[in-house]
Amino acid sequence: MATSRKDPATFPFRLSRTGDPKVEEAKASPAVAKEFLGTWEGTLEGPGLRLVLKVSNDASGAKAVLISVDQGGAEIPVSTIDQKDSKLTLLVNIVGGKYEAEINKEGSELNGRWTQGGNGLPLKLKKAAAQDKKP
């Protein structure tokens, strides 16, 4: 990169890595009960952000992603999923978030609290209707 005394926004620099790279892989979470599987939708009270949570099980265990519809729709991986009876706890390390909820008896709603940066807000997620499959 060329430098110029007329353009103070540019300057030479070099990046170098020392040591081995350290990548912490997420550990698989145990599979969750079928009532928790699927797509859940809701709005975070306060800021009014629409959220979508997708929960699935595969051969390695439970997986989930959180999507903030109003913030570009990127899929944010859930780091840890913990289910104990009717309670679900999700850790979303990449944003420093945590969702603790309880499923209702009908299996149609997760009622809980989203905590991020020391602040907590109510978050109710409703199970999305299954998409009609066409033959």
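In the predicted model, Lys98 is partly exposed, with a relative accessible area of 32%, and its salt-bridge partner is Glu100, the closest N and O atoms of the two residues being 3.8 Å apart. Glu100 is likewise assigned to the partly exposed class, at a relative accessible area of 40%. This pair belongs to a set of six salt bridges found in a search of the whole structure. Among the others, the side chains of Arg50 and Asp70 meet with an N to O distance of 2.5 Å. The contact between Arg50 and Asp70 links distant parts of the chain, since Arg50 lies in strand E2 whereas Asp70 lies in the loop between strand E3 (61-68) and strand E4 (75-77), 20 residues apart. Arg50 counts as partly exposed at 44% relative accessibility, and Asp70, with a relative accessible area of 36%, is also partly exposed.

A further salt bridge connects Asp58 with Lys63, for which the closest N and O atoms are 3.9 Å apart. Asp58 has a relative accessible area of 39% and is therefore partly exposed, and for Lys63 the value is 39%, which again places the residue in the partly exposed class. Beyond these pairs, Glu109, Lys124 and Lys126 are linked in a network of salt bridges.

The strands are organised in an open sheet of nine members with the order E4-E3-E2-E1-E9-E8-E7-E6-E5, and the pairing is antiparallel. E4 and strand E5 (80-84) stand at the edges of this sheet, each with a single partner strand, so that one side of each is left without a neighbour in the sheet. Neighbouring strands of the sheet are turned against each other by 25° on average, direction ignored.

Within this arrangement, E2 and E3 pair in the antiparallel sense over eight bridges, and a hairpin joins the two strands through two residues. Ser56 has Lys63 as its bridge partner in E3, and Lys63 is also the residue that forms the salt bridge with Asp58. Elsewhere in the pairing, the bridge partner of Leu51 in E3 is Ser68. Seven of the eight residues of E3 are buried, so this strand is largely enclosed by the rest of the structure. The pairing of E3 with E4 is antiparallel as well and extends over three bridges, with Ile67 standing opposite Glu75 in E4. The hairpin of E3 and E4 has six residues between the strands, and in this hairpin Gly72 takes a positive phi near 95°. In a regular strand, side chains alternate between the two faces of the sheet.

The structure holds one cavity of 30 Å³ or more, and the volume of the largest cavity is about 40 Å³. Its lining is formed by Leu51, Leu53, Leu66, Leu90, Val92, Tyr99, Trp114, Leu123 and Leu125. Strand E2 (49-58), strand E6 (87-92) and strand E9 (119-127) are the elements that give two or more residues to this lining. By class, the lining of the largest cavity comprises nine nonpolar residues, with no polar and no charged residues.

The second largest pocket has a volume of about 170 Å³ and is lined by Leu44, Leu49, Leu51, Leu66, Ser68, Gln71, Ile76, Val95, Trp114 and Gln116. The elements that give two or more residues to the lining of this pocket are E2, E3 and strand E8 (109-116). The lining residues of the second largest pocket divide into seven nonpolar, three polar and no charged. Leu51, Leu66 and Trp114 appear in the lining of the second largest pocket and also in that of the largest cavity. Leu51 and Ser68, which are bridge partners in the pairing of E2 with E3, both contribute to the lining of the pocket.

Gln116, one of the residues lining the second largest pocket, is separated from Asn93 by 23 residues in sequence and by 10.0 Å in space, C-alpha to C-alpha. Asn93 lies in the loop between E6 and strand E7 (97-103), and at 53% relative accessibility this residue counts as exposed, because the class begins over 50%.

Notes:
Residues are numbered from 1 along each chain as its sequence is written. This is a predicted model: local features need pLDDT of at least 70, side-chain atom pairs count only at pLDDT 80 or more; totals for chains, interfaces and linings use all residues. Side-chain values use heavy atoms; hydrogens and water are left out. On a 1 Å grid over the protein atoms alone, a cavity is a set of points where a 1.4 Å probe fits but cannot get out, and a pocket is an open set with protein on both sides within 12 Å along at least five of seven lines; lining residues have an atom within 4 Å of a point. Grid points are joined across faces, edges and corners, and a volume is the space filled by probe spheres set on the points. Helices (H or I, at least four residues) and strands (E, at least two) are DSSP runs, numbered from the N terminus. Ala, Val, Leu, Ile, Met, Phe, Trp, Tyr, Cys and Pro count as nonpolar, Asp, Glu, Lys and Arg as charged, and the others, Gly among them, as polar. A salt bridge is a side-chain nitrogen of Lys or Arg within 4 Å of a carboxyl oxygen of Asp or Glu. Buried means under 20% relative accessible area, exposed over 50%, partly exposed in between (1.4 Å probe, protein chains only). Two strands pair if DSSP finds at least two bridges between them. Axes are lines fitted to C-alpha atoms, for helices over the stretch in contact, and angles run from 0 to 180 degrees between N-to-C directions.
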